[in-house]
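Colleague: Let's go through this model together. I will ask, you answer.

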Amino acid sequence: MSANYAKAEMDKTSRIYVAGHRGLVGSAICRRLQSEKYANLIAKTRQELDLLNQAAVGRFFAAEKPEHVFLAAAKVGGILANSTQPAEFIYENLLVQTNVIDAAYRHGAKKLLFLGSSCIYPKFAPQPIREDALLTSPLEPTNEAYAIAKIAGLKMAEAYRKQYGFDAISLMPTNLYGPHDNFDPESSHVVPALIRRFHEAAQRNSPEVTLWGTGTVRREFLHVDDLADACVFLMQNYDQPEIINVGTGEDVTIRELAELIAEITGFRGRMVQDTSKPDGTPRKLLDVSRLNALGWRARISLREGLEQTYRWFTTHIANVNAKQDTASAAP
Ligand SMILES: NC(=O)c1ccc[n+]([C@@H]2O[C@H](COP(=O)([O-])OP(=O)(O)OC[C@H]3O[C@@H](n4cnc5c(N)ncnc54)[C@H](OP(=O)(O)O)[C@@H]3O)[C@@H](O)[C@H]2O)c1
């Protein structure tokens with residue numbers, strides 16, 4: 001444990017700010033904290049507090065004085081969104097994280113948890129990827145702008161700890177999925193994209209679904225409730241400068257994932273691979289031995305998590321569609 005600052009314990013009365021509380025991760029962290037009866041949660045919508053606005057973020061921290069901050073606000077998207085909007089990905093993520101980390105420190109927060117991503121690691125990092133693979137070789141080009149912003153965020157957390165003794169920790173989660181995910185076909189990640197495509201194909205009795213890429217690349221998927229559990233665990237039990245991976249330690253091919261989702265959604269047609277589309281990194285599995293050694297392990301199996309997410313999607317499909325219509329009508 002670091003010696004130069006007090007241990008930042010989070011108790012049931014701590015003032016806890018979850019930035020991005022309407023997103024996939026932020027909403028799961030809030031559910032988790034509420035279920036454990038943390039009584040002083042602070043949350044602001046983007047309309048109430050635009051985290052791109054440095055002055056507004058400063059005023060918010062000065063007024064609310066949160067003690068613990070979960071930084072789950074970010075601009076996030078799949079391969080298509082990342083490769084077509086790199087400027088927005090680097091600009092918005094740099095600004096949001098810089099504003100929040102600096103204001104948290106300046107206004108006396110005891111601890112901040114920054115959420116990075118496994119895409120900060122080199123494209124050809126040895127598998128499973130250990131935390132010390134960071135900055136050892138080039139990144140995957142399709143999401144380089146996003147990854148560079150995230151690397152700046154974790155380095156900022158490290159620098160604030162080193163210079164100011166600010167207890168900022170950085171987690172690198174693997175690919176996530178779960179309730180409140182983004183199901184928009186234009187900007188979603190692979191799990192919600194496949195759930196939607198197979199669901200719609202099953203409803204229409206379509207004979208065929210086309211999948212991007214070869215289907216042979218391997219990916220790891222963590223249910224967001226497991227991530228929220230890890231976030232609360234690490235907020236309470238981790239105060240080291242080193243980044244820490246969060247994942248299941250197991251991966252599947254995209255084809256295997258698609259077959260599982262096809263089965264869960266009741267799709268009975270063929271799956272065709274469009275190999276003219278990019279695959280991305282060939283394999284991305286995190287080494288989670290450091291996290292496991294601290295006493296934390298993922299509990300939700302992929303099948304169980306996908307079944308639960310599909311149930312959520314079918315129950316909320318009207319809201320999911322309405323949210324997308326609003327987003328696509330925005331300037
Ligand atoms: N999803 C994954 O697979 C994954 C994997 C690894 C790491 N992570 C990390 O986890 C974190 C959260 O990701 P997520 O999947 O939960 O993303 P998400 O569902 O898109 O949620 C992001 C949240 O941030 C908010 N936000 C963005 N810009 C804002 C701004 N300028 N002002 C106020 N709020 C703003 C969004 O508000 P609106 O609701 O108004 O848009 C949204 O609620 C990110 O740091 C991401 O890198 C995600």
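Colleague: How far is an oxygen atom of the ligand from a polar backbone atom of leucine 176?

Modeller: The model is predicted. A pair of N or O atoms counts as a polar contact within 3.5 Å. The pair formed by a polar backbone atom of leucine 176 and a ligand oxygen is separated by 3.0 Å.

Colleague: What share of the ligand's own accessible area does the protein cover?

Modeller: On its own, the ligand has 890 Å² of accessible area. The part covered by the protein is 88%.

Colleague: Which residue places a polar side-chain atom 2.6 Å from an oxygen atom of the ligand?

Modeller: Valine 25 has a polar atom 2.7 Å from a ligand oxygen, but that atom belongs to the backbone. The side-chain atom at 2.6 Å belongs to lysine 150.

Colleague: Which strand supplies at least two residues of the shell around the ligand?

Modeller: The shell holds 25 residues, and Leu24, Val25, Asp50, Tyr146 and Lys150 are the closest. Helix H1 (24-35) and helix H5 (144-164) each supply at least two of the shell residues. So does a strand, residues 175-177: S6.

Colleague: How many residues of the shell are nonpolar?

Modeller: Sorted by class, four shell residues are charged and seven are polar. The nonpolar ones number 14.

Colleague: Is helix H6 parallel or oblique to helix H8?

Modeller: H6 spans residues 190-204 and H8 residues 254-265. Their axes lie 9 Å apart, at an angle of about 45°. Therefore H6 is, relative to H8, oblique.

Colleague: Is the crossing of H6 and H8 left-handed or right-handed?

Modeller: This concerns the same pair of helices, H6 and H8, which pack against each other. Their crossing is right-handed.

Conventions
Residues are numbered from 1 along each chain as its sequence is written. This is a predicted model: local features need pLDDT of at least 70, side-chain atom pairs count only at pLDDT 80 or more; totals for chains, interfaces and linings use all residues. Side-chain values use heavy atoms; hydrogens and water are left out. A residue is near a molecule or strand if one of its heavy atoms lies within 4 Å of it. A polar contact is a pair of N or O atoms within 3.5 Å; within protein, one must be able to donate a hydrogen and the other to accept it, and residues adjacent in sequence count only if both atoms are side-chain atoms. Accessible areas come from the Shrake-Rupley method with a 1.4 Å probe; for residues, only the protein chains shown count as cover. Helices (H or I, at least four residues) and strands (E, at least two) are DSSP runs, numbered from the N terminus. Ala, Val, Leu, Ile, Met, Phe, Trp, Tyr, Cys and Pro count as nonpolar, Asp, Glu, Lys and Arg as charged, and the others, Gly among them, as polar. Axes are lines fitted to C-alpha atoms, for helices over the stretch in contact, and angles run from 0 to 180 degrees between N-to-C directions. Angles under 35 degrees count as roughly parallel, over 145 as roughly antiparallel, 65 to 115 as roughly perpendicular and the rest as oblique. A crossing is left-handed if the near helix is turned anticlockwise from the far one by less than a right angle, and right-handed if clockwise.
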